[in-house]
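Please open the model in a viewer with residue selection enabled. The tour below proceeds from one selection to the next.

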Amino acid sequence: MIPKRRGLILAALTVTALAACNPGGLSAEKRGAFAPGTNPGAEAVDGLLVGHRLMEAGEYELALKAYYRAAGQHGATAEILSGVGSADLKLGRLNQAEQMLRRATEADRTFVPAWNNLGVVLMERGKYAEAARVFKLAFALDSGQSDAIKQNLTRALAKIEEPGYAAPQDKQFTLVRKGVGDYLLLTKH
């Protein structure tokens, strides 16, 4: 039995040795020591570009992360700060959006998208006069080329003239049950 077993072990060692010599096997020369797609020498896609594409796709939380990654690579440029502010705006984080967009306009006083988006945030927050001033500045910096900025300016000016405030009405309401789970809201004058 021992010679038969020795023969099987010898055959297994021979196959293993031949497999290691085969040029189609694992080779550090051909594929490197890293898994596919994890080569540390490869250039990564720019986080700013990724952020813009994610914004277009409606993935605002992922876009925000991409913009932060881009800020780590390039620093806090006006375009990156504007991207962060725009993502915050889309996520309904108006205070954060306003802070980032103000920082973007401080970083580059001529960056039109930051001024326009700051105006949008100010409109959302009910600051119509300041929004109109910001839209005027964006419109001037853009030389009147953008229809979107012109429309935003028109809306802001219309809100200043007629803010849409309705005086509160003194009405009393009564809730009347009409059946199982059905209610009717009645007003008393």
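What follows is a sequence of selections, with a description of what each one shows.

**The whole chain**

Begin with the full protein chain in cartoon representation, bearing in mind that this is a predicted model. The chain has nine helices and two strands. Followed along the sequence, the elements run α-α-α-α-α-α-α-α-α-β-β. Colouring by accessibility is useful here: of the 189 residues, 25% count as buried. As for contacts between residues at least 6 apart in sequence, 38% of them join residues at least 24 apart.

**Helix H7**

Select residues 112-124, which form helix H7. Its end C-alpha atoms are 19 Å apart; the span expected for its 13 residues at 1.5 Å a residue is 18 Å, so the two values agree. Is this helix enclosed or open to its surroundings? Ten of the 13 residues of H7 are buried, and the helix is therefore largely enclosed by the rest of the structure. Among the buried residues are Val112, Trp115, Leu118, Val121 and Met123. Add H5, H6, H8 and helix H9 (147-161) to the view, as these are the helices against which the buried residues of H7 pack. Then step just beyond the end of H7 to Gly126, where phi is positive, at about 80 degrees.

**Arg125 and its partners**

Remain in the loop between H7 and H8 (128-141) and display the side chain of Arg125. Which residue does Arg125 meet in a salt bridge at 2.2 Å, N to O? The partner is Glu98. Glu98 belongs to helix H6, so the pair ties together parts that are 27 residues apart in sequence. The two ends sit in contrasting surroundings: Arg125 is partly exposed, at 34% relative accessibility, whereas Glu98 is buried, at 7%. Now extend the selection to Arg102, Lys127, Glu130 and Arg133, which are linked with Glu98 and Arg125 in a network of salt bridges.

**Arg93 and two acidic residues**

The whole structure contains seven salt bridges. For another group of them, centre the view on Arg93. Its partner Glu61 lies with the closest N and O atoms 3.0 Å apart. This pair links distant parts of the chain, 32 residues apart: Glu61 is in helix H4 (residues 60-74), and Arg93 is in the loop between helix H5 (78-90) and helix H6 (94-107). Both residues count as partly exposed, Glu61 with a relative accessibility of 36% and Arg93 with 30%. Next, show Asp88, which also forms a salt bridge with Arg93, here with 3.8 Å between the closest N and O atoms. Asp88 is buried, because its relative accessible area of 3% falls under the 20% limit.

**Leu48 in helix H3**

Move to helix H3 (residues 47-56) and select Leu48. Leu48 is buried, with a relative accessible area of 11%. Leaving aside residues up to four places away in sequence, Leu48 touches Tyr67, Ala70, Glu79 and Ile80. For a distance check, pick the C-alpha atoms of Leu48 and Leu64: they are 9.8 Å apart in space, for a separation of 16 residues in sequence.

**Ser82 and the largest pocket**

Select Ser82, in helix H5. Ser82 is buried, with 4% relative accessibility. Its contacts, not counting residues up to four places away in sequence, are Leu101, Ala104, Phe111, Pro113, Ala114 and Asn117.

Ser82 also leads to the final stop: display the surface of the largest pocket, whose volume is about 220 Å³. Of the 13 lining residues, those closest to the pocket centre are Met55, Ser82, Gly83, Ser86 and Asn117. Which helix gives the most to this lining? The answer is H5, with six residues. H3, H5 and H7 each supply at least two residues. Colour the lining by residue class to finish: six residues are nonpolar, five are polar and two are charged.

Methods
Residues are numbered from 1 along each chain as its sequence is written. This is a predicted model: local features need pLDDT of at least 70, side-chain atom pairs count only at pLDDT 80 or more; totals for chains, interfaces and linings use all residues. Side-chain values use heavy atoms; hydrogens and water are left out. A salt bridge is a side-chain nitrogen of Lys or Arg within 4 Å of a carboxyl oxygen of Asp or Glu. Helices (H or I, at least four residues) and strands (E, at least two) are DSSP runs, numbered from the N terminus. Buried means under 20% relative accessible area, exposed over 50%, partly exposed in between (1.4 Å probe, protein chains only). Contact means heavy atoms within 4.5 Å. The expected span of a helix is 1.5 Å times one less than its number of residues. On a 1 Å grid over the protein atoms alone, a cavity is a set of points where a 1.4 Å probe fits but cannot get out, and a pocket is an open set with protein on both sides within 12 Å along at least five of seven lines; lining residues have an atom within 4 Å of a point. Grid points are joined across faces, edges and corners, and a volume is the space filled by probe spheres set on the points. Ala, Val, Leu, Ile, Met, Phe, Trp, Tyr, Cys and Pro count as nonpolar, Asp, Glu, Lys and Arg as charged, and the others, Gly among them, as polar.
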